[in-house]
Amino acid sequence: MAKIDLLFDDFATALAEGNGYMLANCISPEPPAHDQGRLYHFRNGINQFSVRTDLQYKLQYNPVLRLDKKEATAWLEVFTVYHKFVGTLVHAEEQQNVGADADWGKVYDDWKDVVNALYRGYQGGAFSAWTIPCLYVGGRYLRVFAIKADERTASQRENGLAFSGITEEDAFDPSSSNEKLEDAGRQINRIFGLCIGDRNPLEDSRKWALYYVATLLFKTHFRLNHISLSKNILRSLRATTSDMPPLSNYPKSHQVPFLYYCGVIHFLDEDYSAAEEHLTAAYEMCHAKAHKNIQLILTYLIPTKLLTSHKLPSSQLLSQYPSLARLFQPLCDSIRTANLSAFNTALEQGEEEFVKRRIYLTLERGRDVILRNIFRKIFLAGGFEPPKEGDTAPPVRKTRVPVDEFAAALRLAGAEVGDGNGGIDNDEVECLIANAIYKNLMKGYIARERGIVVLSKGGAFPGTGTCMTHMGFQHY
Amino acid sequence: MTAQPAFTPVEARRTLARDPPANSNKPTNFSSSVVDYVQRSFFEFNRLKGVPALAGITDEDIRSKLSVIVNKATEAGVVNARDWGTFPLPHEHLLEDRKKAMYAAQNAVLANLLEPSMEPQFNGTNGKKRKSHDQDFTETEGQQVTPPWKKKTNAKATLAERMTGKSKNQDKKRKDNNTWFDTSADALERRRQRFAHASPEPSPYISSRDDSPAVDANSGPTVGTCQTLEKNYFRLTAAPNPSTVRPLPVLEKALEFIMTKWKSEHDYTYTCDQLKSLRQDLTVQRIKSPFTIRVYETHARIALQMKDLGEYNQCQTQLRALYKLRLGEGGSSGGKEDEFLAYRILYLIYTRNRTDMNNMLADLTTADKKGTYVSLALRVRAALASGNYHRFFQLYRQYQDRNMVPYLMDMFIDRERLGAMAAICKSYKPDVSSKFLTKELAFACSETELFDEDIERECLTFVTNHGGDALLQEKDGNVRVLTGKAGNVFEMAKQAVFGKVDIKGQI
């Protein structure tokens, strides 16, 4: 048996069984485990001067396949461009293996042709909905090859290999450095449109590909820093929910990434309660061994929880993920011990990474929690009012705290509330207290003329004094 | 962006164009008699410029007429046969044309008068045109005396140029202007004077239509020859005419001139217009140098001062790209990058765009952060992010003398005052002194008010504007602000103003 037949055997089996993933493997840029040399065999097994005829024999005149004419023509189109693509890809990989310059831009363009052939097949109604894994493969590798192509262009530009004028143009148009990826974004968006516009009944609808394709789009937009585009996707998905299967019916591998990206988009939008909801759902559903994904989810869930419910991850949780521990442990410790200067140091040291992950501006707000904790410590240290005679009720805490005491505590914790002349700027101290009251972290009021803060008798610090652990998050 | 042509290309009428004759692209070597004729044309015209009969004829007209004459001669193959020494000069031709056209028009008018029903036949001379015809002959001084039919001959001339493909030749000729013109000191002086009293923008419509020989935008930068310091801004729709573009040395003087005028007169409309034309001249000549940066920086600063955010953003976008080119010595930015980076941070505080702010912070290098201006902008950002209004207003007072920083902060100072008031009203009870509020909300640094009472009144006006008179109370000779009674008035006001600011053209 010719080696190339293995591919078409798989193809026939996939079609006969209705196995979409197996089918998608037949047009994938990566050979399957049982047929490592597939791409080479496919390139060499077909005469490049009679590609169409050769493939016609394999597809249309193949008695095993029994494809109807429309479908056979569509597959013929796909395999014809696929053959061209495989040639380019194999050449590029060979070049890369010998350390030469591989033309990934051409690989991307040829793969785009394959995706377009698929697209036309779906558009013309030649392929039924169970074959959508082919679209997954199409979209996924569009992104992969686009990134490679852009990286190559970028390195060429750095080495001055690309034509010289471009650096100047580049300075005026920063987007051009991701030309292929931007194009990939547009192509995947077309696929998204192809799926969302499908009017077939749900049992046989391309809508089942929607969440996967949406995630691909999110990934692309995030890399390009075009996050607002992702909101459009969410909007169009929301508009379609009525005639779409519920999210929970989709494979978990589609649900988790989608929930994750939804959460991050809400997070960046400062809609922290929605972010918490989505990220928590993703966290709970994520496969326990998918460490990388869990870490990604936690990267955003930790700052979110800090903000929404002032909860910090337990050291136990962090210790499972060394990179997360490195990122968050110092920060968490400083918040727990209410050490402002340690907090500032931790924030400063992690700044680069925090900013890169877009969590800096959120973590920064952890300062409010520290200040609250400092204020609470003063309140607790203040002790109780002396019991009145004959009073049997439990002792009452002192609720009148001089501003000076807050000032002293803030200085102890490393807050910069000096007035620049060695003294303390009490107005700034008051400002910090005012903020805590304004943000509902503390209940009470400042009596400025008397220089004291009058705290509420019942629960001056809402939400504190209880310890709950949920999902490894501790209330603090 | 700037590397593209600095004008919006308008598609020329190409449908009428015939295939150019095969030989037309070859450069033609004209005999000395032709060259002499051309020189004489300009010399004579310049000499006779003041004569009333020639009013309304411009250099452009002469030039296009010349090209028609020479081209016709070339096509007819009589270039070398013609006696150029006695051949009428272009302005004589133009006068002749004008006379003919006038008779034709008069005949047409007469015909119209006699037979109104025939009017549709005379398309070229109906209602509107007739009116202008009358005007043209009464007006002798204005620039736009050129009668419509004359313009038509001009249009034909350029069309002919396009059809014969002579345009490239023309362009070439224009580049080595010097061989064409009389370069004697006398003639040069006369020409200079011409520019001095000509309108700074010699009718851009004509220059872009009639004269531009469809220069390919990618053929290379224009080099200007204009010597005027002042020039109005006009949005280009075609390749610029070098005679209206100022070369770098003139531009440098122009900037100085504009700035002196700005300092003494403070006329923003004028200054903005002048700076825009300056920027345009730089762009069309593709000048990217520290001087370019200085022009944009100057304009950005003035725009900030005048709260012209549109222009400011345009300048910032260009500056961002220009700094990236590292035009300065030893790979430095070549300008005040630190200062303008700080303005961008402050601007992002104003627009409250978190995504952009995050990107901004991610882009800052350690060296950037150490810059005087950037570090102060970062301090402002940090103070606001932590809600530390006390620190924020302190910084505001402190930075009153830092170039345009106070102008930028003014854009959001009232918003932040409302925010601070919302917090103060919720936390201070029962009241605070107006003195405290005045100081805390940094009313004290306004330059217009000299007396403490006036400054305090400004603060109280701010309070009553939002919360009404009921919040103020006189006590022991001092005014108290009843924060305990304000309820959520300021909270509502805060939420109203903290909506997103979105301005077109920002980076």
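A salt bridge is taken here as a side-chain nitrogen of Lys or Arg lying within 4 Å of a carboxyl oxygen of Asp or Glu. With that cut-off in mind, one may turn to B:Glu297 in this predicted model, a residue that belongs to helix α12 of chain B, which spans residues 290–305. B:Glu297 is buried and yet has no salt bridge, since the nearest side chain of opposite charge, that of B:Arg301, is 4.2 Å away, and a pair counts only within 4 Å.

What the side chain of B:Glu297 does make is a polar contact with the side chain of B:Tyr323, at 2.5 Å. B:Tyr323 also appears among the residues that B:Glu297 touches once its neighbours within four places in sequence are set aside, together with B:Leu319, B:Gly335, B:Lys336 and B:Phe340.

Further along chain B, strand β3, residues 478–481, pairs with two other strands. With strand β2 of chain B, residues 472–475, β3(B) pairs in the antiparallel sense over four bridges, and within this pairing B:Lys475 stands opposite B:Asn478. The two strands form a hairpin with two residues between them, and in the turn B:Asp476 has a positive phi of about 50°. Strand β1 of chain B, residues 432–433, likewise runs antiparallel to β3(B), to which it is joined by two bridges; here B:Val432 stands opposite B:Val481.

As for confidence in chain A, its pLDDT averages 86, and 92% of the residues score at least 70. Over residues 162–175 of chain A, however, pLDDT stays under 50, and for this stretch the model has 21 contacts beyond four places in sequence.

Conventions: Residues numbered from 1 in each chain as written. Chains lettered and ligands numbered in written order. Predicted model: local features only at pLDDT ≥ 70, side-chain atom pairs only at ≥ 80, totals over all residues. Heavy atoms only, no water. Buried < 20%, exposed > 50% of the residue type's maximum accessible area, 1.4 Å probe, protein only. Lys, Arg positive; Asp, Glu negative; His and termini not counted. Polar contact = N/O pair within 3.5 Å; in protein donor to acceptor, adjacent residues only side chain to side chain. Contact = heavy atoms within 4.5 Å. Pairing = 2+ DSSP bridges. pLDDT = per-residue confidence, 0-100.
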